[in-house]
Amino acid sequence: MASNIQTLHLRRKEDPKPPVTRVARHTGILQDQLRRSARKPWNPDFSTAVRILLLIRVAAAMYSNIQDCDEVFNFWEPLHYIDHGHGFQTWEVTPMYAIRSWAYVLLHLIPARLPSILRLGKRPAFFAVRITIAVLSTLCEAKLCRTVVEKVNERVGRYLFFMLLFSAGMWNAAPAFLPSSFAMYATTLAFASALEPSSAKNKKKTLFATMLFATGAIVGWPFALALSLPFVFEELFVHSGDQVDPSARSSWMISRWKRLFIAGLASALIFVPVVVIDSTAYGQWSIVPWNIVHYNIFGGSDRGPDLYGTAPWYFYILNLLLNFNVLVPLAFVSLPCLAVTYRIDRRRLEMSKPRPDQSSPFTLLALRLAPLYVWTAILTAQAHKEERFMFPAYPLICFNAAVTLYLIRGWMEVAYISATNSSYRASRSIIFGAMTCSVVVVAGLISLSRVLALWHYYHAPLSIFNDLEAFELPRLLNVTGLLPPLPPGTDESDAPSIDLTPIREFDLRLCLGKEWYRFPGHYLVPNGVKVDFVKSEFDGLVPAHFKESRAKLGFSGWWDRPGSRITPTGLNDLNKEASEFYVPIESCDYLVDLDFPMQPASSPLEPRYAIDHETWERVSCHPFLDASHSSLLTRTLWLPVSWWQRRNEFGDYCLLKNRDRVYKKEAEVAARVQEERL
């Protein structure tokens, strides 16, 4: 007989699980409507975004071309003059005109001097400056992406990140030593700050955004202040984050105006160090931002930027298509797309009818999309157009495109639900993610092809000056005995870097003819090699030389550079040629020239030096695209297939050596060295 036994089991009390902290979702202006309770879409945190962006931006600093001669002659050359005491001087960087800021140039002196302190030479200084400004761009872009994730929408932030990362436009603009690039960095941070709705509880936002917009305009480019107009309008007239009783609207508006006015006064203090530095450098009272505005707007009919070329109204459309391809139409239809969303997908904007004391999300998002339209309209209205003028708005192009892509995704979701009558099936569908991913991937691949085209087709000028420093000048030192022999047992691969200082013994002159505007700057030319211009068909004004200063400077000694306070005779703001800035071709030891076999020489001022073998010897040549004899598509993009490249024609971008002059100098220096050793 079985006994009726009951058993008591004791279970150890488990430790209570800590509460799971969930990051709040759906707090931005745009709201996901499917899978709202699902895990949020992946986005890199700030640290991860910086590390990923930095890989691309540093690569751009090392390998991107210099797109604009203004970058070289108005910024790299003044920096080189501060650093080394010689360089080219344009009329813009003279006390008579003073439309380039020495304060902006001076910001880059520390990274330029660091390689010299470490005894690494001038060439590393060039890349140190580019890497420094690329790092600055990286930090600004990462901040913008994270702010968009938090204040607009997580998916929009993710699209923006990848659009910025792979954009050919950002590849060019991020490492550029230009005020418009600096304005881009400042505008990016200001825009990130301005994404948060204005409110009485967040006065710091108004101050930070105002100061950042002002910094970009005062230190960088004054016209970039136009990008702040929608922000100013919101600050003055839109409730944004404030709930305002209609009876108290007057006092609210007075408070808002007062707050922005105080922020503006505080931002105006940025003028103080800029004016002090510029006035000291020019040796006279100089307010460079005002000089820039005065020259470009009030210069008069016989002077001004139009002297340097005009372009049709569609210039920026074509240029932006090169740099942002499919993102351009997406960016410029963002406001119409927002209007469509207002009609068919209001819930995405949490669109209940706002009370009189509230601002609608539609209004807030429209104000954040507006700066790109304002900027493009202003620049398109100007006759003189250049690619760099659009730089401050480059991140905004990606932002507007990201918003449009998200809104289109929303339309697809609405259409799918309407067709299937099933939100569940829509939430499980991969169509929407596949569409957005396809757009981002296609844009990235086209941009990659464009970046590779710029490298393969137009990188020759930078390569040529590398060949001069790395091969030709060491050869001269070697054949004349000025290069010390390696210690016994030392392999060539382990040899120390070559000191090119003795190259001064040759008194070399490197000349630039019709290719003067592609000169990459004195940082890529070793000290001891003088650079000059020879006459070509160009009949405008070429730069002069700064008055040389041989003093060895520390970080505080740049005030003693006299050239910044002198306007060389011949420099003018009318683009009138000054013949005294040219040297005879017979006095040149080396010449940089571009030879297109399919474009026969048609002028005695521009003969085909590269085929004049009696006078000139080819030291080094690199292919350079002959755009006028190449297919539009194949010259725009690069593909690694032979049939694609066969549709392009190339010329030779060459470093040429004057046979008689160089060989004579080699013999003279070798004899002198031999005599000294005896």
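A residue counts as buried when its relative accessible area is under 20%, as exposed when over 50%, and as partly exposed in between. Keep that in mind for this tour of a predicted model.

**Start with the whole chain**

Show the chain as a cartoon and color by secondary structure: you should find 24 helices and seven strands. Next, color by burial. Of the 678 residues, 52% are buried. If you draw a contact map and keep the pairs with a separation of 6 or more, 78% of those contacts join residues 24 or more positions apart. Now switch on the surface. The chain exposes about 32400 Å², and carbon and sulfur atoms supply 60% of that area.

**Select the sulfur bridges**

A disulfide is a covalent bond between the sulfur atoms of two cysteines. How many disulfides does a search of the whole structure find? There are two. Counting bonded cysteines along the chain, the pattern is 1-2, 3-4. Let's visit them in turn.

**First stop: C511 and C588**

Select C511 and C588 and show them as sticks; their sulfur atoms are 1.9 Å apart. To place them, follow the cartoon: C511 sits in strand β2 (residues 508-512), while C588 is in the loop between β4 (544-545) and β5 (590-595). The bridge links distant parts of the chain, 77 residues apart. Are these two cysteines buried or exposed? Both C511 and C588 are buried, each falling under the 20% cut-off. Now check the torsion about the S-S bond: for C511 and C588 the value is about -90°, so this disulfide is left-handed.

**Second stop: C621 and C654**

Move on to C621 and C654, whose sulfur atoms lie 2.0 Å apart. Which hand does this link have? With 115° about the S-S bond, the link of C621 and C654 is right-handed. Here both ends are in strands: C621 belongs to β6 (residues 616-625) and C654 to β7 (residues 650-658), so the bridge ties together parts that are 33 residues apart in sequence.

Turn the surface back on and look at each end. C621 has a relative accessible area of 29%, so C621 is partly exposed. C654 has a relative accessible area of 0% and is therefore buried.

**Last stop: two further cysteines**

Finish by selecting C69 and C140. With a relative accessible area of 26%, C69 is partly exposed. C140 counts as buried because its relative accessibility is 3%.

Notes. Residues are numbered from 1 along each chain as its sequence is written. This is a predicted model: local features need pLDDT of at least 70, side-chain atom pairs count only at pLDDT 80 or more; totals for chains, interfaces and linings use all residues. Side-chain values use heavy atoms; hydrogens and water are left out. Helices (H or I, at least four residues) and strands (E, at least two) are DSSP runs, numbered from the N terminus. Buried means under 20% relative accessible area, exposed over 50%, partly exposed in between (1.4 Å probe, protein chains only). Contact means heavy atoms within 4.5 Å. Accessible areas come from the Shrake-Rupley method with a 1.4 Å probe; for residues, only the protein chains shown count as cover. A disulfide is a pair of cysteine sulfur atoms within 2.5 Å.
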